[in-house]
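Student: I have a structure to read and would like some help with it. Where do we start?

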Amino acid sequence: MRLAPTLVALALVATACPSNSDPDASADTTARAAETTLLSDGAATTEDTDPPQTTDDEPDEGLDVIGEPGADTVGDPLFPQAGNGGYDVLHYRLELDTTGPELVGFATIEALATQDLSSLNLDLVGMTVDEARIDGQVVPTEREGRELTLLAVAPIVESSIITIEVDYHGEPQPVPDPAFPTILGWIEEPWGSYVAAEPLGAATWFPGNDHPLDKATFEIIVTVESGEIAAGPGLLVDQQDGPDGTTFTWLMDDPMATYLASVVVGDFTITTSEVQSEGRETPIVLRDVLPTSQSDQILRVIEGRHEAMIAEFEKLFGPYPYDSYGVVGVPESLGYALENQTLSLFGADSLASDSLFIEQIQAHELAHQWFGNHVSPATWDDIWLNEGFASWADLYWIGVVTGQDQFQRTAGTFDSNSLGPLTDLQPSEMFNTNVYIRGALTLEALRRTEGDDAFFELMRAWTTTYGGSSASTDDFLALVGEWMSADAVSLARSWIEDEQMPRLPGA
Ligand code: TRP
Ligand code: ZN
């Protein structure tokens, strides 16, 4: 039994703690964790001499188990079912076999316990769990909705690092999109599979802490039939032919939110090049993953675009945050694009069409790598920090290409009553036009009021302060106060909160 006040308290704590996704933190905590474990073993021994009080009705929990259940939520205002508390994931190793009739997965999750845990939850939708282990010991599990509960059989002590393993299989069950009439998650098609997960689809293909507050590094290892390829985020670090097919290992060694993790499987060609940008010490590996039959034609259309965009955005926002970038074009008419980390998802048909509109969307998804991916939203109600920023960048890019002020034009297209406030959203409103356009104009209003120098310093301070982590609307307003002025804060506040959209200065 869980008491509601405990849950709320845990949720608040989880929300208040900045997500610890810094892999360097692991080393510090290991020594302390070892110490704590020793101490707690001592305590457990002493306890053993006392007769157990309340364990009779909890046969699953051994005598050594300590602490409380980890929360089944991080307390997100839009999605109370999203994420969990009591631990912080450091690394996911996801081994997937797509060669059989069902998806077979082995997930290994390294996590830092942020409290003494008698049980912990992962988010998982559908799939059958075959076995779960904590630190190598098989543990009992329970399922309810999106919640997979692992019951501890040995002490899990605050500040220790634990290894959680989940073996699972099944036919992935995509979930309804809260905002669009479509489905999200691991999606199977006659030609192969792909992942489109934002916001809650990640749990359809791996167990995890499915909330952008808890970012982690990822190793994604996918076995596919010979002749197919599997692509994922980051760099291809290994490719092996075996008796069952080909195994691809993709490594994302920068923190990634679960909703941005992706895989694509099918008859694709990967085309790789490198670009050395001015702002970075190491080159960026550019790799596009395109249907083999359309690859050459699409590459001719998009040739050089991402290099040019990266060069421009690095001047404005600071160094490109990852070691790789590229697009995947799936042989589907998607009608949308999605900023999966380092591997933005498009329909191949849209990439093949040489239009300014698609170029604008390419700029948008690239800009998300800074805004949304590197700096992630602390809650889903902060989604304008993704979409407004990426929309500002795509309008800016089209301004560069056309030589015409796109902000002026866009502000004239919408009357102030049609674009409501940016926060206090319903799930269905997350990706509405106001979040994109009023969000972009919020930034442009700050730029016009405070000037280019102050504005771009703010944008770079945003990526350096919160890159690799998550930030909220209040964090943004605080940074505006730090880098601009009290007037700028109240201007930003009315752009974010007022019922009516303010007028764009100078428009
Ligand atoms: N973030 C996407 C964009 O603006 C939009 C989006 C939200 C989306 N949820 C999605 C796209 C799910 C595909 C699937 O670029
Ligand atoms: Zn977007």
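**Ligand, metal and helix**

Tutor: This is a predicted model. Start with ligand 1, where an oxygen atom lies 2.6 Å from a polar side-chain atom of Tyr436.

Student: Which other residues are closest to ligand 1?

Tutor: Of the 14 residues that surround ligand 1, the closest are Glu198, Glu339, Glu365, Glu387 and Tyr436. A polar side-chain atom of Glu365 is 2.7 Å from an oxygen atom of the ligand. The side chain of Glu387 has an N or O atom 2.9 Å from a nitrogen atom of ligand 1.

Student: What are the protein donors of the zinc ion (ligand 2)?

Tutor: They are His364 (NE2), His368 (NE2) and Glu387 (OE), at 1.9 to 2.0 Å from the zinc ion. Their spacing in sequence is H-x3-H-x18-E. His364 lies in helix 6 and Glu387 in helix 7, so this pair ties together parts 23 residues apart in sequence. Both His364 and Glu387 are buried.

Student: Why is the arrangement around the zinc ion called irregular?

Tutor: The four donor atoms subtend angles of 98 to 140°, which makes the arrangement irregular. To count as tetrahedral, all angles would have to lie between 85 and 135 degrees.

Student: How do I read the buried residues of a helix, such as helix 8?

Tutor: An α-helix has 3.6 residues a turn, so residues three or four places apart point the same way. In helix 8, Gln406, Phe407, Thr410 and Ala411 are buried. They cover an arc of only 130° around the axis, which puts them on the same side of helix 8. These buried residues pack against helix 7 and helix 9.

Student: Which residue caps the N-terminal end of helix 8?

Tutor: Asp405 does, with a side-chain oxygen 2.8 Å from the backbone nitrogen of Phe407.

Terms used: Residues numbered from 1 in each chain as written. Chains lettered and ligands numbered in written order. Predicted model: local features only at pLDDT ≥ 70, side-chain atom pairs only at ≥ 80, totals over all residues. Heavy atoms only, no water. Buried < 20%, exposed > 50% of the residue type's maximum accessible area, 1.4 Å probe, protein only. Helix = DSSP H or I, 4+ residues; strand = E, 2+ residues; numbered from the N terminus. Arc of directions from axis to C-beta. Contact = heavy atoms within 4.5 Å. Polar contact = N/O pair within 3.5 Å; in protein donor to acceptor, adjacent residues only side chain to side chain. Donors = N, O, S within 2.8 Å, 3.2 Å for Na, K, Ca; no water. Tetrahedral: all angles 85-135°; square planar, octahedral: opposite > 155°, others 65-115°. Near = heavy atom within 4 Å.
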